[in-house]
Amino acid sequence: MLGLRSGQSRGRIREVLCLGAHSDDIEIGCGGAILELAAAHPGLRVTWVVFSGDAKREAEARLAAGRFLRGAGSSRVVIRKQRDGFFPAQMTEIKEFFEELKRISTPDLIFTHVRHDRHQDHRTISDLTWNTFRSHLVLEYEIPKYDGDLGAPNVFVPISRKAARRKVDDICSIFKSQLGQHWFTPDLFFGLMRIRGIECCSEFAEGFYSRKAVLDTAGPTYKSRTPLTRRRAAR
């Protein structure tokens with residue numbers, strides 16, 4: 001399978017922005033990728049934003065962020081107080097925060113919710129990600145749920161068995177507020193990573209959606225090339 005390597009000097013990932021509507025979204029959607037990126041890129045800077053959560057969920061979110069970002073060079077964790085389930089009605093307030101986020105962060109890679117997610121809060125965060133960050137590599141992650149909106153990702157991050165086990169163990173041990181949910185089980189998290197692994201010839205993987213990406217062939221950029229009108233005039 002063809003792959004694009006981020007470890008080359010021209011494509012080194014220095015800063016990552018992780019966006020999640022709720023306190024376990026980032027961990028479920030891209031927790032394994034974060035663990036692998038932190039291990040592969042020493043000094044990685046991560047901004048980790050969770051948009052909602054009561055006191056108990058906030059405590060879980062901060063504990064989980066600390067665990068998943070342990071290998072990062074530096075991290076900034078932000079927990080907001082948006083009303084769960086009502087993000088579309090709070091669009092202006094959330095958009096204002098996104099504009100602030102754009103001023104204080106310069107991410108090479110952004111993880112956010114997938115656009116076709118049936119949860120209204122997730123869709124709001126995805127839409128505002130694209131509305132705000134227009135010249136960035138954005139990978140949209142998936143969250144398994146009752147709505148049955150899983151699809152066919154087109155980008156995969158292979159996850160080692162050690163990282164997969166760590167991801168699932170941390171999620172299940174930290175987010176105790178979710179233990180009564182019928183879907184919140186280790187086999188679900190392992191199963192989804194196993195399915196995505198099959199799709200990219202790996203034991204485990206996380207799947208993402210890339211709606212727009214630029215392949216840098218190490219040549220001159222489009223902006224640096226001579227405009228077509230000037231080339232014609234020179235003939």
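This is a short tour of one sheet, the strands in its middle and two of the helices around it.

Before you click, note that this is a predicted model, where local features need pLDDT of at least 70, side-chain atom pairs count only at pLDDT 80 or more, and totals for chains, interfaces and linings use all residues. Residues are numbered from 1 along each chain as its sequence is written, and side-chain values use heavy atoms, with hydrogens and water left out.

**Stop 1: the sheet.** Show the strands (DSSP runs of E, at least two residues, numbered from the N terminus, just as helices are runs of H or I, at least four residues). You'll find 7 strands in an open sheet, ordered 3-2-1-4-5-7-6, with mixed pairing; two strands pair if DSSP finds at least two bridges between them. Strand 3 (74-79) and strand 6 each have a single partner strand, so one side of each has no neighbour in the sheet. From one strand to the next, the twist averages 25 degrees.

**Stop 2: strand 5.** Select residues 137-141. Here 4 of the 5 residues are buried, meaning under 20% relative accessible area (exposed is over 50%, partly exposed in between; 1.4 Å probe, protein chains only). Now add strand 4 (residues 109-113): it runs parallel to strand 5, and 5 bridges join the two. Pick out Leu-109 with its bridge partner Leu-137, then Phe-111 opposite Leu-139. To get from strand 4 to strand 5, the chain passes through helix 4 (residues 120-132) in a right-handed β-α-β crossover (with the strands pointing away from you, the path from the first strand over the helix to the second runs clockwise).

Next, bring in strand 7 (residues 204-209), which is antiparallel to strand 5 and joined to it by 2 bridges. Tyr-141 has Phe-208 as its bridge partner there.

**Stop 3: helix 6.** Select residues 186-198. Which of the residues in helix 6 are buried? They are Phe-189, Phe-190, Leu-192, Met-193, Arg-196 and Gly-197. Look down the axis: these buried residues fall within an arc of 160 degrees, so they line one face of the helix (the arc is taken from the directions from the helix axis to the C-beta atoms). Asp-187 and Ile-198, on the other side, are exposed. Their buried counterparts in helix 6 are covered by elements including helix 1 (25-40), strand 6 (155-159), helix 5 (161-174) and strand 7, with contact meaning heavy atoms within 4.5 Å.

Notes:
Axes fitted to C-alpha atoms, helices over the stretch in contact; angles between N-to-C directions.
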